[in-house]
Amino acid sequence: MRLDGRTAVVTGAGGGIGAAIATALADRHARVVVADLDEAAARHTTAAITARHPQAAVAVAGDVADPAVITTLIDTAARTFGPVELYFANAGVMGAPGLADDAAWDRVLEVNVRAHIRAARQLVPGWVQRGEGYFITTASAAGLLTQIGAAGYAVSKHAAVGFAEWLAVTYGDRGVRVSCLCPMGVDTAMLDVGDSQADPRSATAIRAVTAAGAVLGADQVAREVLAAIERERFLILPHPEVAAMFAQKASDYDRWLRGMRRYRASLQTIGDRTGGHRE
């Protein structure tokens with residue numbers, strides 16, 4: 001898929017990977033609806049884009065798990081630029097650590113999974129009718145492997161990968177393309193959440209990511225995402241070692257689980273030295 005002249009929606013684009021993707025799209029002469037729960041952040045990203053590419057971006061604030069907000073994004077894109085051709089379901093939350101309560105589970109599933117389902121429900125019929133459309137999911141390496149310390153994040157990201165797979169299988173022969181981004185550590189605000197929450201288990205979850213591999217810049221990840229879209233490649237792995245880890249998991253699940261338990265224990269030992277919490 002060529003990107004120039006395309007109309008895209010990017011959720012969670014007030015910062016991090018979303019802002020980098022929105023900026024990279026505009027640099028490739030696409031038009032972008034910049035969506036974020038934080039209105040000021042969405043406007044900041046949009047201003048940075050339009051300073052370089054006038055009239056290439058517009059900001060919309062709202063909770064992208066809300067079907068009404070998704071409708072607003074799609075309608076704004078159609079009015080301003082034309083029908084949505086690419087939808088980046090990028091917004092995500094880490095969620096509470098451990099098993100958490102029902103309210104925490106509801107929130108992480110709403111943003112990390114149901115927002116994708118609701119967007120696809122509104123977009124896919126039109127894409128099938130037109131014979132073209134592209135759905136890009138930001139999941140995580142946690143969706144292929146797991147996330148130590150945060151059950152909600154691990155489960156919701158597995159579900160996000162599963163939903164992207166289902167879309168690709170069901171609609172891939174009808175013009176709908178799907179890609180699924182599964183990075184490990186990326187230098188974004190989410191990676192600092194463990195230091196900002198009182199529960200040390202959150203810090204353990206972040207440490208599990210930063211200790212597993214390099215922490216990449218959001219701009220680098222955005223470049224890899226756009227390159228994958230141009231090749232119409234499903235799985236996007238900015239950290240190539242994730243592919244090897246995923247293969248090891250599939251080849252011997254019990255061995256992989258034992259290894260992950262050892263890794264978790266080593267992280268807890270570090271946490272104990274700094275006053276961490278065992279669970």
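1. Let me start with R28, which counts as partly exposed because its relative accessibility is 32%; the cut-offs are under 20% relative accessible area for buried, over 50% for exposed, and partly exposed in between, with a 1.4 Å probe and protein chains only. The side chain of R28 meets that of E230 in a salt bridge, at 2.1 Å from N to O. The term stands for a side-chain nitrogen of Lys or Arg within 4 Å of a carboxyl oxygen of Asp or Glu. This pair links distant parts of the chain: E230 sits in helix α8 (residues 218-231), R28 in the loop between α1 (16-27) and β2 (31-36), and 202 residues separate them. E230 is also partly exposed, because its relative accessible area is 35%.

2. A word on the model, since you will want the ground rules. It is a predicted model, in which local features need pLDDT of at least 70 and side-chain atom pairs count only at pLDDT 80 or more, while totals for chains, interfaces and linings use all residues. Residues are numbered from 1 along each chain as its sequence is written, and side-chain values use heavy atoms, leaving out hydrogens and water. Helices (H or I, at least four residues) and strands (E, at least two) are DSSP runs, numbered from the N terminus.

3. Staying in the loop between α1 and β2, please look at H29. This residue is not a glycine, yet its phi is positive, at about 70°. H29 is exposed, because its relative accessible area is 57%.

4. E232 makes a nice companion case: its phi is near 55°, again a positive value in a residue other than glycine. At 36% relative accessibility, E232 counts as partly exposed. Its side chain meets that of R177 in a salt bridge of 2.8 Å, N to O. Here too the pair links distant parts of the chain, with E232 in the loop between α8 and β7 (235-236) and R177 in strand β6 (residues 176-181), 55 residues apart. R177 is partly exposed, with a relative accessible area of 28%.

5. How many salt bridges does a search of the whole structure find? There are ten. One local example joins the side chains of R43 and E39 at 3.1 Å, N to O. Both residues lie in helix α2 (residues 39-52), four residues apart, which is about one turn of the helix. E39 counts as partly exposed, at 42% relative accessibility. You may also like to inspect R6, E85 and E132, which salt bridges link in a network.

6. E85 turns up again around T7, a residue of strand β1 (residues 7-10). Setting aside neighbours within four places in sequence, T7 is in contact (heavy atoms within 4.5 Å) with R31, A77, F81, G82, P83, V84, E85 and L86. Is T7 buried or exposed? T7 counts as buried, because its relative accessibility is 1%.

7. Finally, R255, R258, R261 and R262 form a positive surface patch. Patch members have over 30% relative accessible area and no salt bridge, and like charges are joined within 9 Å (nonpolar side chains, Val, Leu, Ile, Met, Phe, Trp and Tyr, within 5 Å). Each Arg charge is placed at CZ. R255 lies in helix α10 (residues 253-273) and counts as exposed, at 58% relative accessibility.

Conventions: Accessible areas come from the Shrake-Rupley method with a 1.4 Å probe; for residues, only the protein chains shown count as cover. Lys and Arg count as positive and Asp and Glu as negative; His and the chain ends are not counted.
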